[in-house]
Amino acid sequence: MEDYQIRKFTIGKPLNTGAVVMEGLVSEDFKADEKGCFSINTAFGESLCIDLTSKEISFNMPEDLYVYGLGETIRGINKRGWQYFSNNSDEPHHEEAKRSLYAAHNFLILDDGKKCFGLFIDHPGKVDFDIGYTDPDLLTIRFEDMDFDLYIFDGKEPAELVKGLRGLTGRSYIPPKWAFGYGQSRWGYKTADELRAVAKGYKELGIPIDMIYMDIDYMQDFKDFTVNPERFPDFPAFVQEMKDQGIHLVPIIDAGVKMEEGYDVYEEGVKNDFFCKKEDGTNLVAAVWPGKVHFPDFLNSKAREWFGDKYKVLTDAGIEGFWNDMNEPAIFYTEDHLKEVFAEIKNLENKELDIWGFFQFRGLIETIANNPEDYKRFYHDFDGVKVRHDKVHNLYGFYMTRAAGEAFERNNKDKRILMFSRASYIGMHRYGGVWTGDNMSWWSHILLNIWQMPSLNMTGFLYSGADTGGFGCDTTEDLLMRWIQVSMFTPLFRNHSALGTREQELYRFKDMNSFKNMIELRYALIPYIYSEFMKAALNDGMYIKPLSFEYRTDKRARETEDQILVGDSIMIAPVYQQNKTGRYVYLPEDMKLLRFRSYNDFDEEELPAGDHYINANLNEVLVFLRPGHILPLTTPAQNVAALNFRDLSYIGYKAAPGSFTLYTDEG
Ligand code: GLC
């Protein structure tokens with residue numbers, strides 16, 4: 001008997017998105033009242049109203065109601081007070097003013113500390129979550145089409161609702177064990193020699209590392225599943241050479257396939273009708289990194305199988321992990337819209353431009369990339385059903401990753417393959433993890449990272465993390481150090497930066513020793529991190545939780561969003577402000593502070609529940625151990641494979657022996 005119940009309500013004629021795997025759930029009968037409102041009762045006595053005429057769901061939010069969920073979005077953990085659009089977007093400006101990032105995670109938990117319920121809206125098009133934005137006391141969820149399945153989760157506490165979502169949509173993806181190591185990435189590494197130099201930079205200092213990522217420049221002219229033969233003369237041998245050093249190379253795969261005669265992926269796709277088509281039956285032409293591309297129709301199972309099998313080109317060369325990118329899909333421009341823009345510019349050219357005319361002119365250029373109208377110009381063959389892209393937009397990244405995941409199950413049965421994606425939808429969490437896209441080297445984005453992690457965990461994306469140090473703009477040594485103090489606890493731990501920004505490999509900075517100590521501490525913690533991750537994955541739980549899920553009736557804990565729980569034993573309270581050497585920390589219960597300068601140099605201090613100002617020098621990592629709990633540590637090694645998972649030391653706080661269950665396996 002589960003701790004949750006699920007009710008299903010089918011509105012209109014929804015498409016099967018593939019998010020739900022639970023079988024046998026039947027939609028409940030329900031009737032509209034005289035005003036056209038279907039009402040669904042909730043734990044709050046207050047009903048949800050589904051209004052078919054105004055195309056919205058509404059709910060009166062009690063004053064002390066917290067709203068959690070939505071996975072990867074902007075703003076804090078309690079989503080109340082803003083409007084969010086589920087509309088997967090190639091959005092490099094993760095600012096408060098924005099409404100969408102790369103993902104559509106349509107799961108909410110409504111909780112007043114005593115009662116709660118959850119809802120999942122299985123709808124592949126745009127959804128507008130107005131969570132007290134228009135009216136502070138009203139939740140309104142708006143749709144363009146009233147075709148969706150609504151699932152209501154009932155349970156006693158938020159964790160049960162999270163479990164319910166996973167029961168409905170399946171178990172979270174589990175990566176190989178080495179994917180819990182540290183990874184170095186940068187857009188701009190071009191040759192085998194440059195990658196060798198990165199490995200050398202780490203090896204010379206003895207900083208552990210498990211992954212080096214390969215961004216688009218490893219390809220021949222940005223063509224998926226090709227490797228530039230001049231830059232990588234003997235690729236399989238190079239992959240092996242890196243593996244001999246304990247390093248996995250992880251290449252990127254982009255959604256768009258370059259249009260080029262003689263390129264097999266392009267030619268096969270054209271021949272077999274595997275690309276997305278326009279109304280007139282021709283393949284859509286868009287431009288992304290490779291120049292002009294076609295988009296594979298991942299929603300078509302035959303195309304999916306074909307594209308998925310292409311990963312074999314690289315797995316046959318020894319590759320064991322990938323990141324899927326540009327799969328919202330990002331569109332720099334379409335040929336059709338570009339023609340329209342040029343026509344309008346010509347039109348304006350000979351006119352006297354007043355200031356509004358100037359803004360109109362300038363605005364034209366801004367409409368070129370990721371234009372909503374472009375997403376209405378092409379269609380999918382969704383296994384026999386022709387659907388316009390914008391109606392299923394949020395599935396594209398999910399289905400690209402599904403293509404890979406299904407292929408790995410077919411072709412690499414005996415292995416776990418690392419896979420994470422930029423765009424996602426609930427359901428994709430069965431096939432891969434996510435990284436949170438193109439953040440900036442901003443202090444505020446460390447905090448955003450802290451907020452996003454528990455929300456991602458709620459929606460099933462356990463294997464996740466941010467570009468550590470920041471992707472866009474120039475990083476600084478102190479910012480990178482503080483960021484590492486967060487990322488060293490996230491399952492995906494990758495330092496990544498954009499072309500043209502300051503280089504941010506750890507060996508480029510002054511206090512390399514502190515960086516080394518921190519990466520070693522991460523490795524010392526991997527038995528704990530892996531164990532807690534696996535328990536969360538196998539029990540449909542969360543690896544990173546907000547304080548409020550554990551200390552539900554503690555108002556202060558509920559309001560504390562810059563501290564998070566990592567696994568069952570510890571809480572972290574990172575410093576995320578420039579030039580700060582400490583911060584206020586709220587302890588919901590007595591805890592033991594572990595102040596790490598390195599894995600084997602740390603102080604322990606017992607602190608009573610309440611507020612504390614805690615000093616934290618730049619090189620110190622603060623870990624708060626909960627009473628009744630234990631933190632295991634191992635001796636760091638140069639990579640995960642060399643770690644000892646058996647010979648551990650333990651730090652406990654008011655804990656009986658045996659109060660920690662270690663999970664380990666061959667990975
Ligand atoms: C996108 C990705 C980024 C990558 C870049 C070049 O912006 O989000 O991670 O480095 O493309 O491939």
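This passage describes the domain layout of a predicted model and the surroundings of its ligand.

The chain is divided into four parts by the domain assignment. Domain 1 covers residues 4-169. Domain 2 is assembled from three segments, 177-258, 293-330 and 388-524. Domain 3 spans 333-368, and domain 4 spans 529-653. The C-alpha centres of domain 1 and domain 4 are 31 Å apart. Contact between these two domains involves 21 residues from domain 1 and 13 residues from domain 4.

The ligand occupies the largest pocket. Its shell consists of 13 residues. Asp215, Asp325, Arg422, Asp438 and His496 are the closest of them. By residue class, the shell holds eight nonpolar residues, four charged residues and one polar residue.

Polar contacts link the ligand to several side chains. In each of the three pairs described here, the ligand contributes an oxygen atom. For Asp438, an N or O atom of the side chain lies 2.5 Å from a ligand oxygen. The corresponding distance is 3.0 Å for the side chain of His496. For the side chain of Asp325, the distance is 3.2 Å. On its own, the ligand has 310 Å² of accessible area, and the protein covers 97% of that area.

Notes. Residues numbered from 1 in each chain as written. Predicted model: local features only at pLDDT ≥ 70, side-chain atom pairs only at ≥ 80, totals over all residues. Heavy atoms only, no water. Near = heavy atom within 4 Å. Polar contact = N/O pair within 3.5 Å; in protein donor to acceptor, adjacent residues only side chain to side chain. Areas by Shrake-Rupley, 256 points an atom, 1.4 Å probe, with all protein chains shown as cover. 1 Å grid on protein atoms, 1.4 Å probe; cavity = no way out; pocket = protein on both sides within 12 Å on 5 of 7 lines; lining within 4 Å. Sits in = over half its atoms within 2 Å of the grid points. Nonpolar A, V, L, I, M, F, W, Y, C, P; charged D, E, K, R; others polar. Domains from an automatic or database assignment. Contact = heavy atoms within 4.5 Å.
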